[in-house]
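Q: Please walk me through this structure in short steps. Begin with the ground rules.

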Amino acid sequence: MSDFTSNFWSIFVSAISILGIVYCAFLLWFSAKVKVSAHEEDGTTGHVWDGDLREMNNPLPRWWLWLFIITMVFAAVYGVAYPGLGSFAGKLGWTSAGQYESEVAKANQELEPLYAAFNAQTPEQLSQDPKAMAVGERLFMNNCAQCHGSDARGSKGFPNLTDKDWLHGGTTDKIKETLTKGRIGQMPPMAAAVGTPDDVRNVSHYVLSLSGSPHDSVRAALGKGKFGACAACHGPDGAGMQAMGSANLTDKVWLHGWGEEAITAMINKGKVNQMPAQEGRLTESQIHVLTAYVWGFSNNKPAATK
């Protein structure tokens, strides 16, 4: 309810819940007190359907009546004990987030002896340990595969972890840093700095020429002088700078698409990418094992995966 600017919906939900319980109680009381008079000698009310289906005036069975009563009592107790009445937190202080954190902490405590053995090894050593890599695979599938794919080859906008093309560096220290703190990659719109729309197209062809990709050599020659606006991040030779996380434009790895159209769109509109931080979600030991698993993709393949 915290997303709303007023407490209207909190009051509305509380009112509906309470009135629902009260109405059920009233309905049971009313049906027990008010009797429909029998008009026939056999005790029926006189209502007949389908020629021979007659309505009796019998009270509810007691077990059925008590089920209704127990349900209402349970609903009332639950509404007081747990968060079920609008923004009321409940007397027990239970939250789904708190229960989740408690269960995760318990699981981490139970797994601590397992990770203690892994912590004594370097990521390079762990990448050769089948047991550690089996754990790393589960961590990767649960936390990384949604973006990078189950085979870690990524897709458009999500880096391929199986090659050696690393925006911020592919050492185990850099990988662990990326996993722990996350990354925010930003390519600002550069059209104004490059010049006219025609200048942007020329720069696009120059960028294509850096990797030996198909391009218009005349446009590439014209765009070389305008590339200075890009060199501040990508370097004068276009090889990128890992300290800044800028892409290497001299290889044929295209994170956001290849060709004049894709590069022109990048220059005109820019791009912001984010790798979420795993710190707080995973323990240091889990990140240590995951680092070894990811590092192994582009170095010596983890023994557990092939």
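A: Helices (H or I, at least four residues) and strands (E, at least two) are DSSP runs, numbered from the N terminus. The model is predicted: local features need pLDDT of at least 70, side-chain atom pairs count only at pLDDT 80 or more, and totals for chains, interfaces and linings use all residues. Residues are numbered from 1 along each chain as its sequence is written, and side-chain values use heavy atoms, with hydrogens and water left out.

Q: Which side chain of opposite charge is nearest to aspartate 251, and how far away is it?
A: Aspartate 251 sits in the loop between α11 and α12 (260-269). Aspartate 251 is buried, meaning under 20% relative accessible area (exposed is over 50%, partly exposed in between; 1.4 Å probe, protein chains only). Aspartate 251 has no salt bridge (a side-chain nitrogen of Lys or Arg within 4 Å of a carboxyl oxygen of Asp or Glu). Lys and Arg count as positive and Asp and Glu as negative, leaving out His and the chain ends, and the nearest opposite charge is lysine 252, at 10.0 Å.

Q: Which residues does aspartate 251 touch, not counting residues up to four places away in sequence?
A: Contact means heavy atoms within 4.5 Å. With residues up to four places away in sequence set aside, aspartate 251 touches Asp165 and Ser211.

Q: How many salt bridges does the structure hold?
A: Side chains of opposite charge can pair when their charged atoms come close. In this structure, the number of salt bridges is 7.

Q: How far apart are the closest N and O atoms of lysine 174 and glutamate 177?
A: Both residues lie in helix α7 (residues 172-181), 3 residues apart, about one turn of the helix. Lysine 174 is partly exposed at 33% relative accessible area, and glutamate 177 is partly exposed at 34%. The two form a salt bridge, with closest N and O atoms separated by 3.6 Å.

Q: Aspartate 198 and arginine 219 are how many residues apart?
A: Aspartate 198 and arginine 219 form a salt bridge, with closest N and O atoms 3.1 Å apart. This pair links distant parts of the chain: aspartate 198 is in helix α9 (residues 197-210) and arginine 219 in helix α10 (residues 217-224), at a separation of 21 residues.

Q: Why does the pair of lysine 226 and aspartate 199 tie together parts that are apart in sequence?
A: Lysine 226 forms a salt bridge with aspartate 199, closest N and O atoms 3.9 Å apart. Because lysine 226 lies in the loop between α10 and α11 (228-234) and aspartate 199 in helix α9, the pair joins parts separated in sequence by 27 residues.

Q: What is the angle between the planes of phenylalanine 26 and tryptophan 29?
A: Rings of Phe, Tyr and Trp (its six-membered ring) pair if their centres lie within 6.5 Å; planes under 30 degrees apart count as stacked, over 60 as edge-to-face and the rest as tilted. This rule gives 14 aromatic pairs. Phenylalanine 26 and tryptophan 29 form one that is tilted, 6.0 Å centre to centre, with a plane angle of 35 degrees.

Q: Where in helix α1 are phenylalanine 26 and tryptophan 29, and how many residues apart?
A: Both lie in helix α1 (residues 8-33). They are about one turn of the helix from each other, a separation of 3 residues.

Q: Which residues form one aromatic cluster?
A: Four aromatic residues come together here. They are Phe74, Tyr78, Tyr82 and Trp94.

Q: Which residues of the largest nonpolar core touch the most other members?
A: A nonpolar core is a set of buried Ala, Val, Leu, Ile, Met, Phe, Trp, Tyr and Cys residues joined through side-chain atoms within 4.5 Å. The largest core has 24 residues, and the two that touch the most other members are Phe140 and Leu290.

Q: Which elements cover the buried residues of α7?
A: The buried residues of α7 are Thr172, Ile175, Thr178, Leu179 and Thr180. Their cover includes α4 (123-126), β3 (183-187), β4 (271-275) and α13.

Q: What phi does glycine 182 take?
A: Glycine 182 comes just after α7. Its phi is positive, at about 75 degrees.
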